[in-house]
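Me: I have a model open and want to go through its sheet, one of its helices and its nonpolar cores. Can we take it in short turns?

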Amino acid sequence: MIEEIVDNLIKIKQNFAQNYTGNAHIQEILPLESSKEFPITPQHLEQLHIFAQKNPIYLNSFEEKILGFPCMVYEGDINEYWLNSIKHGSSCQPFYPTWIMSAYVMSLVAKKFGYSELVDIGSGDGRIAYCGKILDFNSHSIEIDDVLVDLQNTICLNTNQNFNPKCDDALEFNYSKLNLQNPVFFIGGLAQMGGDILATSIIKKINSIDNLKNKTGIVFAGSDTKRQLSGNLSDGGWSSLIEENQLSVIETVSLPTVWTFDQNIETPYIFTKFK
């Protein structure tokens with residue numbers, strides 16, 4: 001099921017990107033109905049649309065058939081939040097969201113591996129934590145930027161889905177307060193943009209909590225785009241950190257994000273666990 005959703009999501013994204021004539025700052029797609037190609041629980045699909053409808057970053061929406069699939073296109077602007085998010089010294093990456101549908105797929109993959117709690121580090125507008133919540137995870141959303149956390153609180157209120165936003169520096173946060181039993185951590189930020197520093201700190205904190213290490217998964221957002229001085233792009237740029245911390249890659253899923261909208265490649269998300 002997950003593979004079908006991923007394959008068809010990439011197809012409609014790439015077709016839409018080639019034919020898009022609008023000028024919105026960001027744009028993304030959600031299927032309007034469950035189907036063989038998009039076997040999504042109807043209640044979950046409705047919740048994904050509610051997230052977009054109640055999220056102030058989206059300013060417009062319209063229906064469009066893409067490769068024969070009825071879809072809703074959401075257009076928005078994140079400039080205000082992008083500018084605010086770069087003011088924090090320990091922030092690893094400005095606010096650039098993955099797609100809502102991609103966040104849902106990642107949560108589905110985490111569910112497949114049996115995790116019960118989801119901790120979204122550098123969570124932006126909280127979409128991964130939100131998707132975890134509708135999939136019955138005990139979700140926690142940690143974001144250093146107060147404006148983005150205010151946005152998350154607005155979304156929690158308007159969607160009636162509390163994914164526990166916390167305005168805190170993930171490098172300093174005391175994770176033992178969450179009483180985690182079997183969590184998956186999503187690390188916001190590419191390795192080449194300081195995400196490796198954030199991830200190293202999170203791993204140390206996981207190691208400091210008794211009996212948590214062997215029950216924990218960590219998901220990294222990677223990049224397959226070769227740029228000058230980008231370094232080793234194996235495992236999306238995370239191979240050195242994965243090896244140094246004795247992690248095993250259990251799955252890699254490439255999905256659309258805002259920052260790869262105009263590219264022919266997607267963003268790889270690398271699912272790992274401790275050996």
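What follows is a set of questions and answers on this predicted model.

Me: In what order do the strands of the open sheet lie?
Reply: The sheet has 3 strands, and the pairing is antiparallel. From one strand to the next, the twist averages 25 degrees. The order is E1-E3-E2.

Me: Which strands stand at the edges?
Reply: An edge strand here has a single partner strand, so one side of it is left without a neighbour in the sheet. That applies to residues 26–31 and to residues 58–66. The edge strands are E1 and E2.

Me: Which residue is the bridge partner of Pro31 in E3?
Reply: E3 covers residues 69–76 and pairs with E1 in the antiparallel sense. The two strands share 6 bridges. In E3, the partner of Pro31 is Cys71.

Me: Is Glu64 buried, partly exposed or exposed?
Reply: Glu64 sits in strand E2. Its relative accessibility is 32%. Buried means under 20% and exposed means over 50%. Glu64 therefore counts as partly exposed.

Me: Which residues does Glu64 contact, leaving aside its neighbours within four places in sequence?
Reply: Set those sequence neighbours aside. What remains is Phe16, Phe69, Pro70, Cys71 and Val73.

Me: How far apart in space are Glu64 and Phe261, C-alpha to C-alpha?
Reply: In sequence, Glu64 and Phe261 are 197 residues apart. In space, the C-alpha to C-alpha distance is 17 Å.

Me: How many residues of helix H5 are buried?
Reply: H5 runs over residues 127–134 and is mostly covered. Its buried residues are Arg127, Ile128, Ala129, Tyr130, Cys131, Gly132 and Ile134. Of its 8 residues, the buried count is 7.

Me: Which residue that follows H5 has a positive phi?
Reply: The phi in question is near 75 degrees. The residue is Asp136.

Me: Which helix gives the largest share of the largest nonpolar core?
Reply: This core has 63 residues. Leu48, Tyr104, Phe186 and Phe271 touch the most other members. The largest share is 9 residues, and it comes from residues 100–112, helix H4.

Me: Which residues of H5 does Tyr104 contact?
Reply: Leaving aside neighbours within four places in sequence, Tyr104 contacts Ile40, Thr41, His44, Leu48, Cys131, Ile134 and Leu135. H5 spans residues 127–134. The contacts that fall in that range are Cys131 and Ile134.

Me: How many residues are in the second core?
Reply: The second core is separate. Its members include Phe185, Ala191, Leu198 and Ile202. Its residue count is 26.

Technical notes
Residues numbered from 1 in each chain as written. Predicted model: local features only at pLDDT ≥ 70, side-chain atom pairs only at ≥ 80, totals over all residues. Heavy atoms only, no water. Pairing = 2+ DSSP bridges. Helix = DSSP H or I, 4+ residues; strand = E, 2+ residues; numbered from the N terminus. Axes fitted to C-alpha atoms, helices over the stretch in contact; angles between N-to-C directions. Buried < 20%, exposed > 50% of the residue type's maximum accessible area, 1.4 Å probe, protein only. Contact = heavy atoms within 4.5 Å. Core = buried A, V, L, I, M, F, W, Y, C linked by side-chain atoms within 4.5 Å.
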